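This briefing sets out the strand pairing, helix packing and pocket lining of the structure shown below. It is arranged by topic for reference at the bench.

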Amino acid sequence: MEQRLVLVETVHQVTTIRLNAPEKRNALSRALTRELIDAIRSADADSQVHAIVLTGNGPAFCAGADIGELRESTEQSAPQLYAEGRAAAELFKLGALVRTPLIAAVNGPALGGGCGLVAMCHLAIASEQATLGTPELRLGLAPFVIMPWIRRAVGHKKALELMLTAAVLTAEQAWEIGLVQRVVPHDQLEAEAQALARQIASLSPLPVRLALDGFFETEELDLLKAFDYLSTIRLVSFLSEDLREGTAAFFERRQPQWKGQ
């Protein structure tokens, strides 16, 4: 039986997606990338999934590009390389397109595209054993596809420093620059990531999705237009069943029963 390169499990409204090519340090091969795109899209489309945790099997989170495939790519034509690049970019577009919170549980090295996955996720928790960086220049390549997420995560100058020095950071150093939001002992990573996911999943899914929508849709908008857009989608929350339920539960001192409507 062919090995699944991405494992998916859903428990209590939280989907955990595990990269499952430990012998290749969960490198982003073409096949793994396709499976990962499908897994994230499927979880996002499932109304019963309120949070997604992304992690890796084995000692690595994700080592970035598959070096064997990268070497083969040097023999391909420009149209072939362009098509492959567009296909790979579809994975990294998902961070701005999905409306289910993505949480990275960084269990080990997250390099190149792996670091891009961490930056793409809406939140990230790292094991104290994790390392993160964009060492592509050591291979004679620039981190093209992940550049937008790295820049958004750490800012312009720090992103330039990471890329131009090909530095690999400790988990603590990654936390200091905002690449991850929390560093925890290695044996607590899974529990911490699941606890954070369950905390988010316990909230009304409608305003969570609207919050992500508002965040990404207004990122490049003029300030005054951003207020106009947010005022518009605010109406959806104010007219929702979940707001009525949430306020009623508050006054009745009980847990709300969310419908996501």
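**Structural briefing**

Six bridges join β1 to strand β2 (residues 14-19), and the two strands pair in the antiparallel sense. The model described here is predicted. β1 and β2 belong to an open sheet of six strands with mixed pairing, in the order β1-β2-β3-β4-β6-β9. The points below cover this sheet, a three-stranded sheet, a pair of helices and the largest pocket.

**The six-stranded sheet**

- The edges of the sheet are formed by β1 (6-11) and β9 (182-184), each of which pairs on one side only.
- On average, neighbouring strands of this sheet are turned by 20° against each other, with direction ignored.
- Within the pairing of β1 and β2, Leu7 is placed opposite Arg18 of β2, and Glu9 is placed opposite Thr16 of β2.
- The hairpin of β1 and β2 has two residues between the strands, and His12 takes a positive phi near 50° in this hairpin.
- Helix α1 (residues 30-45) lies across four strands, namely β1, β2, β3 (51-56) and β4 (102-106). The direction of α1 is at about 180° to that of β2.

**The three-stranded sheet**

- A further open sheet consists of three strands in the order β5-β7-β8, and its pairing is mixed.
- β5 (110-111) and β8 (168-170) each have a single partner strand, so one side of each is left without a neighbour in the sheet.
- Strand β7 (residues 131-133) runs antiparallel to β8, and three bridges join the two.
- Thr131 has Thr170 of β8 as its bridge partner.

**Packing of α9 and α10**

- Helix α9 (residues 205-217) packs with helix α10 (residues 223-238) at an angle of about 170°, and the axes are 10 Å apart.
- The two helices, α9 and α10, are therefore roughly antiparallel to each other.
- On the α9 side, the contact is made by Leu206, Pro207, Leu210, Asp213, Gly214 and Glu217. On the α10 side, the contributors are Tyr229, Leu230, Ile233, Val236 and Ser237.
- Classified by residue type, the contact of α9 with α10 comprises seven nonpolar, two polar and two charged residues.

**The largest pocket**

- The largest pocket holds about 1,000 Å³ of space.
- Its lining is made up of 36 residues, of which Ala65, Leu70, Ala88, Leu141 and Val145 are the closest to the centre of the pocket.
- Helices α1, α2 (67-73) and α3 (78-97) each supply at least two residues of the lining.
- α3 provides the largest share of the lining of this pocket, with seven residues.
- By class, the lining of the largest pocket has 21 nonpolar, eight polar and seven charged residues.
- α1 thus appears in two of these topics: this helix lies across strands of the six-stranded sheet, and α1 also supplies residues to the lining of the largest pocket.

Note on methods:
Residues are numbered from 1 along each chain as its sequence is written. This is a predicted model: local features need pLDDT of at least 70, side-chain atom pairs count only at pLDDT 80 or more; totals for chains, interfaces and linings use all residues. Side-chain values use heavy atoms; hydrogens and water are left out. Axes are lines fitted to C-alpha atoms, for helices over the stretch in contact, and angles run from 0 to 180 degrees between N-to-C directions. Angles under 35 degrees count as roughly parallel, over 145 as roughly antiparallel, 65 to 115 as roughly perpendicular and the rest as oblique. Contact means heavy atoms within 4.5 Å. Ala, Val, Leu, Ile, Met, Phe, Trp, Tyr, Cys and Pro count as nonpolar, Asp, Glu, Lys and Arg as charged, and the others, Gly among them, as polar. Two strands pair if DSSP finds at least two bridges between them. On a 1 Å grid over the protein atoms alone, a cavity is a set of points where a 1.4 Å probe fits but cannot get out, and a pocket is an open set with protein on both sides within 12 Å along at least five of seven lines; lining residues have an atom within 4 Å of a point. Grid points are joined across faces, edges and corners, and a volume is the space filled by probe spheres set on the points.
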